[in-house]
Amino acid sequence: MANLIAAVDGEVMVDHGSFDLIDDAGPQRARIDYGSRSEWVFTGDNSVIISSPSAWNHVSVLRVEAWDGSPPPASGWDDQRDATLRLTSGTIEINPAVDADTADWIQVGPAGLYRVRVFVAGREELLARESNPEDELRGIERYLIQFWPGQG
Amino acid sequence: MIASLMLGPVPVAVGSPASAAPSETAHGLVSYVGTPVQDESGRFVLPRDPVGAAEAGRPVHKSFTDPLRSAQVNPPRTPPLVPSGPDVENCLNNPAARSSVGMVYNRFMWCQRWQVEAVRGTLSPQPGGTRLAAMTMTFSAVGYGRDDGVRGATIFFRGDSLSLWPTPKGYIRADSKLYQRIKCVGEEGCDTADHYIMQPLSGWMSRWTSWTVSSDKTESSAPDLVLRHRWSFEGYLVDSFNVRLAGSESDQHTIRCDSATIFGLRRRGACIFDDVIPHLQYSVRDQRVDKVAEHIRCAQEAPFCQTYPIESYAKVIPGKFIEGNRHLGALHRVRSAKTNSPIADANRAVVRRECARLPVEVYDPTAGQQCDEYPFASTMEGAACCQEPAFDWDFSIKGVTGTVNECAGRALQRYYNDDRILYQQDGFYVRITDNPPAGDTCEALPENPEDDLGEPPFDGSPTVGAGPDVSGAEGIPVLLRGSASDAEIGTPHVTWAAFPASGVDAGAYCAFGDANATVTTVTCTDDGIWQLRIAAWDGTNPVVTDTATLTLTNVVPEIQPGHPGPFVSVAADDPPLPPEGPGILSPTPWQVFRAGTQMTFDAAFTEVAENDTHTCSTAWDDGSTSHYPATAADLTCRTTHTFRQPGMYTIRTTVTDDDGGQSATADVLVIVYDPDAGFATGGGHLATPAGKGQFQFNPKYGPHDEGPVPGQGKVTFRDDNLDLDSTALEWLVVTPDNLIAVKGFATVNEITGYGFVAYGYDARPDRFRLVIWPLSSGPFPHSAITYDNRSGTGYDLDVADPQEIQGGAIHIHH
């Protein structure tokens, strides 16, 4: 039975269709495949890039969790992706290049190999509301991102 | 005629190379901005129009190419242990690096391929002075900024070639000591902890030496604790005769240091090179961003290019990169985060509203287009810009392919990090190029990706040891056995430094054989107790240090072993050469002077301790002694003296340093004659190993003789084995106390090629000595002696100790 060891709740500015989670202690090697709209989570050493289908910058709600093992299934999400990555320090900064000094961060564990699972919801509503320029695009898209040690 | 027979050392005429330097004022200059020139007084000054100098005042733009492959965005940049990699080569090989200002390759790298020069000369005797020696060292220099949380920069220097004039015996030689440091000015808080690094010229060659510059954030009250510092190389040279050639500094280069918190947890301290116009580039030939590039190019050309929304007036849109322009029409980054971003939020609100009004042929979201805006929403000059009194810039919007817009957006994020663009205070521009793409436009991917997902290593701190306390002597290398290790990289970067502890005179320094090697040597310019510190750094963890004590004794100066021998021939275009080694240069042994004429005394000595000063003491053997300061310009004891009475004089000199160390004594025998002092006659016999020796002499200066050759007289000597007849006389000394000496050339047993000196004392009883030697061994008696009836005694007339004669007489006639 895996245990939740840390979590951070917050928001993230999705800028030009994506946001990053990075471990800045080492080289970050994730890369977006712009030719594939079906893929929306891209990972590489020390980085996770999550892309959003919205054409406009928006602020999404996000929760990042650190587990000591594979977390239990989560419900209420529209889609999910799983990946493996290596972290140099285990300190994850959430979108620091955009959210700057208000970027959240979490220590998901020590340096090592990690699994990451990303859940998303609210994208259909986001796409439906973004055409109205008066509609504030905040808190519509939601993410749950879980890290735990291990190799896929 | 006589001179043609002289072998070996010859008297040095006034004005010849060996004596030209002594009476002049030596000085010199080190320059990083071109070859020093001599002004009307002969003083070296920097050239009036330095080659490649920066504009007056703060340079706004230095030579700069467009590194499409900009500095990698991740992880935070830390200076390497030594410069390496393609960026270094690209920078150093760029023609723009070959200037006195160097080249800012990007905001985290500066480089230069240039030269440092040094000259030494004299202020006289001729107008405009004399150029005696020169050095040119071409070098490569590389500077690294950093954004790893440390407010600092590291500057590397490597000598590439060394040219000395004249070679190899000039005042400036490969062992001359070049002192260099990084000087930092500008706003408070800049520190260059490494101070001067001294190495012989040869020691600077073919290896990197580095300095660090740090910036104290507590000195700043500006946003992001920004400080701007200007740094330069500063150096002086101590030539091979311990003469310090004045220093100067290179052109200045600017670093901007900040503690901005907007670049992530690990990047809250940084220094970047600021002598460049920051600009973002998009290429219309890069399919990943081409439509955005075309849109921005059009917007920057407004009103000559149609942009949307269409206005009834001529639109003016900022941000176009123009070579040399750093201030007009710049874009300024503003906060564009999830909260508290009013300007960026307002910009986006305007864009969303206006994009919704665009005709479908301009923006078609159903075709996968996104609405691109310029200037960027993350700039102060965005669509909502601006309220009075700021200029009300215009903007442009247009539909572009979604993936192109997303890639361009990520490239903008990357650029903000690459160039460390601060909110509000960094003006930057956008340059649209036609260059083919290089690298990944959207992402900043590190090179050499590793596929193996192994465990990342733990990076521990290095260990370092200074070794045991050591002792030695000033000016002489002392071996240091330091140690350093690091589990990850093996040997970490180490740096030695020395600090005076006690008993060290002001101005003294130490230099290391290789300041970046654990086992090396240290040489200090003065005696006393020094503290040695070794610091090790693995590029990641904090620097670790250890210390040891160095105790140095004084070393006395060296003025022996007498005359250094004949001077090397000097080409017509060579400058006067310095002494080749220690010893009395003038007068030369057995040099002849007329009584009452001034003689120049010149003795070279050596001193291993550059910081020492010296006093000379010369006993003239006529009852007087001179005490006088040494000539520091070329480490010589230099003075004049006039002998009033004829005689043979043994001049003895010592030199004493300021620590009380006295050299051994150097001496030289000189001859002083006086044509008016009288003459001598003698004849008789004395006992010899062969039985009985018969002598006869009558040398005499005639009434109009000026000397030194006596106009009259002969010397003969005969016993059963030896038959000497003088063939020519060189000089005659007749002293007031009735001693005589006469020197000349002779045949021995009817064979030519001999020299002789005959001594006579008009005393009770009279005394006679004869010394004969082959001229093939030298112009005066030295090692090969054919005959000497008082062998083992000195050749000075005072101590010649002639043999009592058994019959006859010697008479002195005054």
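This report describes a predicted model with two chains, A and B.

## Overall picture

The model is predicted. In chain A the mean pLDDT is 94, and 99% of the residues score at least 70. Among the elements of chain A, strand 5 (residues 58-67) has the highest mean pLDDT, 98, and helix 1 (residues 96-99) has the lowest, 94.

Chain B has 814 residues, of which 49% count as buried. Its secondary structure consists of five helices and 47 strands. Among the contacts in chain B with a separation of 6 or more, 66% are between residues 24 or more positions apart.

## A five-stranded sheet in chain A

Chain A contains an open sheet of five strands, in the order 3-4-2-7-8, with antiparallel pairing. Strand 3 (41-44) and strand 8 (105-107) of chain A each have a single partner strand, so they stand at the edges and one side of each has no neighbour in the sheet. From one strand to the next, the twist averages 15°.

At one edge, strand 3 of chain A is joined to strand 4 (residues 47-51) of chain A by four bridges in the antiparallel sense. Within this pair, A:F42 has A:I49 of strand 4 as its bridge partner. In general, strands of a sheet pair through backbone hydrogen bonds, in either a parallel or an antiparallel way.

## A three-stranded sheet in chain B

In chain B, an open sheet of three strands has the order 16-20-17, and its pairing is mixed. The edges are strand 16 (279-283) and strand 17 (331-332) of chain B; each has a single partner strand, so one side of each is left without a neighbour in the sheet.

Strand 16 of chain B runs parallel to strand 20 (residues 427-433) of chain B, and five bridges join the two. One residue pair can be located here: B:Y282 has B:I432 in strand 20 as its bridge partner.

## Two crossing helices in chain B

Helix 3 (residues 290-300) and helix 5 (residues 402-418) of chain B have axes that come within 7 Å and cross at roughly 75°. An angle from 65 to 115 degrees counts as roughly perpendicular, which means that helix 3 of chain B is roughly perpendicular to helix 5 of chain B.

The contact involves B:D290, B:K291 and B:V292 on the side of helix 3, and B:V404, B:N405 and B:A408 on the side of helix 5. By class, three of the residues in this contact are nonpolar, one is polar and two are charged.

## Where the chains meet

Between the chains, 37 residues of chain A are in contact with 37 residues of chain B. On the side of chain A that touches chain B, the elements giving two or more residues are strand 1 (4-14), strand 6 (79-87), strand 7 (91-94), helix 1 and strand 9 (112-121). The largest share comes from helix 1 of chain A, with four residues.

Divided by class, the residues on this side of chain A are 17 nonpolar, 11 polar and nine charged.

## Backbone details in loops

Two residues that are not glycine have a positive phi: A:N95, where phi is near 60°, and B:D621, where phi is about 75°. A:N95 is in the loop between strand 7 and helix 1 of chain A. A:N95 counts as buried because 28 C-beta neighbours lie inside 10 Å, and 20 or more are needed for that class. B:D621 is in the loop between strand 33 (614-619) and strand 34 (625-629) of chain B. With 19 C-beta neighbours inside 10 Å, B:D621 counts as partly exposed.

Cis peptide bonds are found in chain B as well. One joins B:C385 and B:C386, with omega about -5°; B:C386 is in the loop between strand 18 (369-374) and strand 19 (396-401) of chain B. Another runs from B:G707 to B:P708, with omega near 0°. B:P708 is in the loop between strand 39 (691-697) and strand 40 (715-718) of chain B.

## An exposed serine in chain B

B:S471 belongs to strand 22 (residues 470-473) of chain B. B:S471 is exposed because 11 other C-beta atoms lie within 10 Å, and a residue with 12 or fewer falls in that class. From C-alpha to C-alpha, B:S471 and B:G528 are 10.0 Å apart in space, while 57 residues separate them in sequence.

How values were computed:
Residues numbered from 1 in each chain as written. Chains lettered and ligands numbered in written order. Predicted model: local features only at pLDDT ≥ 70, side-chain atom pairs only at ≥ 80, totals over all residues. Pairing = 2+ DSSP bridges. pLDDT = per-residue confidence, 0-100. Axes fitted to C-alpha atoms, helices over the stretch in contact; angles between N-to-C directions. Parallel < 35°, antiparallel > 145°, perpendicular 65-115°, else oblique. Contact = placed C-beta atoms within 7 Å. Nonpolar A, V, L, I, M, F, W, Y, C, P; charged D, E, K, R; others polar.
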